[in-house]
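Here are my notes on this structure, set out as numbered points for someone who is new to reading such models. Please keep the sequence and the 3D view open while you go through them.

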Amino acid sequence: MTRLAIYIFYDKDGIVDDYVIYYLKELKTVADRIIIVVNGDLNTAGYSKLSEYTSEIVVRENIGFEQKAYEHIFLNYLSKNELQEYDEVIMSNNSFYGPLEPFKDIFDSMESQELDFWGMGMADMNAFIVMPSFFIVYRKKIITNRELEVFFDKNKIYEVRDFGNVVQLFEYGLFSYLKNK
């Protein structure tokens, strides 16, 4: 099983905290390739820390939050058929803390589940609402059908100006788009 992880990083001062390193260390146990997208600035020490986990660090202007960062990777950074090389694509950002148990164990337990995508996030059990996650894994069916590229291409016309736009257009938007597919 080959996995690509796309990790969006943002810190207003460009500082990479220890929880990010812990996360990346765990991510490295399950991902064959990690692309880190930095929205905004990254200090020299932070760049050095991140480069221990990948040589692919994309620093971009902090415009459009993670939606535009993912859009950039899917539509501009990866070549046309490059995504097809992977069995799974992991999308996450540094607002996700953990994991609380090893990623290897989590991925091993999810391997037998027949799902097109899965994630870890928050759930409101009283309302039976599952919030979109900041850690989502997309499987081969979605990759093969180019659903991620199609979603970001269709939505590239929208400006993302605040967190509400991110939740509506990207988090709920992508979840709803794929659920309806």
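1. How many salt bridges does the count come to? In this model, which is a predicted one, the count comes to 10 salt bridges. As background, side chains of opposite charge can pair when their charged atoms come close. The rule applied here asks for a side-chain nitrogen of Lys or Arg within 4 Å of a carboxyl oxygen of Asp or Glu, and the next points go through some of the pairs that meet it.

2. Please look at the pair formed by Glu-88 and Arg-3, whose closest N and O atoms are 2.5 Å apart. This salt bridge links distant parts of the chain, since Glu-88 belongs to strand 4 (residues 88-93) and Arg-3 to strand 1 (residues 3-9), with their positions 85 residues apart in the numbering. Are the two partners buried or exposed? Glu-88 counts as buried because its relative accessibility is 3%, and Arg-3 also counts as buried because its value is 8%, the cut-off for buried being under 20%.

3. The same two residues take part in a wider arrangement, for Arg-3, Glu-88, Glu-111 and Arg-139 are linked in a network of salt bridges. These four names return among the residues that line the second largest cavity, where they are joined by Phe-107, Met-110 and Trp-118. The volume of this second largest cavity is about 30 Å³, and the structure holds 2 cavities of 30 Å³ or more.

4. Two further salt bridges are worth setting beside that pair. Asp-108 and Lys-104 meet through their side chains at 3.2 Å, N to O, and because they are 4 residues apart in helix 4 (residues 103-110), about one helical turn separates them. Asp-108 is partly exposed, at 42% relative accessibility, and Lys-104 is partly exposed as well, at 45%. In the other salt bridge, Asp-13 pairs with Lys-12, the closest N and O atoms being 3.8 Å apart; here Asp-13 counts as partly exposed at 47%, whereas Lys-12 is exposed at 65%.

5. Turning to the strands, 6 of them form an open sheet with mixed pairing, in the order 3-2-1-4-8-5. Its edges are strand 3 (56-60) and strand 5 (117-120), each of which pairs on one side only. From one strand to the next, the twist averages 15 degrees.

6. At one edge of the sheet, how do strand 5 and strand 8 run, parallel or antiparallel? They run antiparallel, and 4 bridges join strand 5 to strand 8 (residues 135-139). Within this part of the sheet, Phe-117 stands opposite Tyr-138 of strand 8.

7. Finally, please consider how helices meet the strands. Helix 4 lies across strand 1, strand 4, strand 5 and strand 8, and it runs at about 145 degrees to strand 5. Helix 1 (residues 18-28) has Val-20, Ile-21, Tyr-23, Leu-24, Glu-26 and Leu-27 as its buried residues. Which elements do the buried residues of helix 1 pack against? They pack against strand 1, strand 2 (33-39), strand 4 and strand 8, and also against helix 2 (44-50) and helix 4.

How values were computed:
Residues numbered from 1 in each chain as written. Predicted model: local features only at pLDDT ≥ 70, side-chain atom pairs only at ≥ 80, totals over all residues. Heavy atoms only, no water. Helix = DSSP H or I, 4+ residues; strand = E, 2+ residues; numbered from the N terminus. Buried < 20%, exposed > 50% of the residue type's maximum accessible area, 1.4 Å probe, protein only. Pairing = 2+ DSSP bridges. Axes fitted to C-alpha atoms, helices over the stretch in contact; angles between N-to-C directions. Contact = heavy atoms within 4.5 Å. 1 Å grid on protein atoms, 1.4 Å probe; cavity = no way out; pocket = protein on both sides within 12 Å on 5 of 7 lines; lining within 4 Å. Points joined across faces, edges and corners; volume = space filled by probe spheres on them.
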